[in-house]
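Trainee: Please take me through one packing contact in close detail, then through what surrounds it. Plain terms will do, with the cut-offs given as they come up.

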Amino acid sequence: MSSVRPFAPRIVWIPVVIGGLLVALGDFIFATTLWFSWDAEGLRRCFQTIAVGVLGQASYTGGTQSAALGAVLHVLMATAFVAIYTLVARRHPSLLSRPVVLGVLYGVVLYIVMNFVVMPLSRVGRSPSFAHPDWIAYSVLAHMLFGVVCVLFARRALRHR
């Protein structure tokens, strides 16, 4: 006896990439505004901080090369956030029905996974400090917005408007 699987819609990948770029840009603007400066050194430092996850503290002495690695990793991670939601929603279309509510929830999940799973397992090797609850609140709110962007672009990728 064979089971029939429901039809899964085709994914249009361009919205996934555009959504990833928008999430990456939004997160970059958020991080630079909150923790770095808008001069060349601050921008380089922002991306070097991302590359710390792979290179460890050596990222800060890697100059433009480590900053470029950080920028690439940042865009890839942001695009992965949209792609993951798209792939799951492809099998569970109800995840596309309420983009704001589900996006906010997805953003909270993203914050938790990035800060309490990915960072400790990377060469950063730590979870965020609770010394600055205002920074945590800003970060969670930003991730909620990024989650909504992920869901909206997943809907477009699956042609569910």
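Mentor: Contact here means heavy atoms within 4.5 Å. The model is predicted, so local features need pLDDT of at least 70 and side-chain atom pairs count only at pLDDT 80 or more, while totals for chains, interfaces and linings use all residues. Residues are numbered from 1 along each chain as its sequence is written, and side-chain values use heavy atoms, with hydrogens and water left out.

The setting comes first. The protein chain has five helices and zero strands, where helices (H or I, at least four residues) and strands (E, at least two) are DSSP runs numbered from the N terminus. Read along the sequence, the pattern is α-α-α-α-α. The C-alpha trace spans about 60 × 30 × 30 Å along its principal axes.

The part to look at is where helix 2 (residues 40–55) packs on helix 3 (residues 63–91), at an angle of about 75° and with the axes 7 Å apart. The axes are lines fitted to C-alpha atoms, for helices over the stretch in contact, and angles run from 0 to 180 degrees between N-to-C directions. Helix 2 and helix 3 are therefore roughly perpendicular, the word for angles of 65 to 115 degrees. On the helix 2 side, the contact is made by Arg 44, Phe 47, Gln 48, Ile 50, Ala 51, Val 54 and Leu 55. Helix 3 contributes Gly 63, Thr 64, Ser 66, Ala 67, Leu 69, Gly 70, Ala 71, Leu 73, His 74 and Met 77. By class, this contact of helix 2 with helix 3 has ten nonpolar, six polar and one charged residues. Ala, Val, Leu, Ile, Met, Phe, Trp, Tyr, Cys and Pro count as nonpolar, Asp, Glu, Lys and Arg as charged, and the others, Gly among them, as polar.

Two helix 3 residues from that list can be followed further. His 74, in helix 3, counts as buried at 9% relative accessibility; buried means under 20% relative accessible area, exposed over 50%, and partly exposed in between (1.4 Å probe, protein chains only). Not counting residues up to four places away in sequence, His 74 touches Ala 24, Asp 27, Phe 28, Phe 47 and Ile 50. Two of the residues that His 74 touches, Phe 28 and Phe 47, form one aromatic cluster together with Trp 38.

Met 77, also in helix 3, is partly exposed at 29% relative accessibility. With residues up to four places away left out, Met 77 touches Ile 50 and Met 114. Ile 50 thus recurs, as His 74 touches Ile 50. The C-alpha atoms of Met 77 and Thr 32 are separated by 17 Å, with their positions 45 residues apart along the chain.

Beyond this contact, there are aromatic rings to consider. The structure holds seven aromatic pairs; rings of Phe, Tyr and Trp (its six-membered ring) pair if their centres lie within 6.5 Å, and planes under 30 degrees apart count as stacked, over 60 as edge-to-face and the rest as tilted. Trp 35 and Trp 135 make an edge-to-face pair, because their ring centres are 5.9 Å apart and their planes stand at 85°. This pair links distant parts of the chain, with Trp 35 in helix 1 (residues 13–35) and Trp 135 in helix 5 (residues 133–157), 100 residues apart. Trp 35 is partly exposed at 35% relative accessible area, and Trp 135 is partly exposed at 34%. The rings of Phe 116 and Phe 130 have centres 6.3 Å apart and planes at 20°, so that pair is stacked. Phe 116 sits in helix 4 (residues 99–121) and Phe 130 in the loop between helix 4 and helix 5, 14 residues apart. Phe 116 is partly exposed at 35%, whereas Phe 130 counts as exposed at 60%.

Lastly, the record. An unreviewed UniProt entry annotates "transmembrane region" over residues 12–38, 67–88, 100–123 and 135–154; its positions are given in the numbering used here, feature names are shortened, and annotations may be inferred rather than shown by experiment. In the model, residues 12–38 are 85% helix and 0% strand, and the end C-alpha atoms are 35 Å apart. Residues 100–123 are 92% helix and 0% strand, with the end C-alpha atoms 33 Å apart.

Note on methods:
Parallel < 35°, antiparallel > 145°, perpendicular 65-115°, else oblique.
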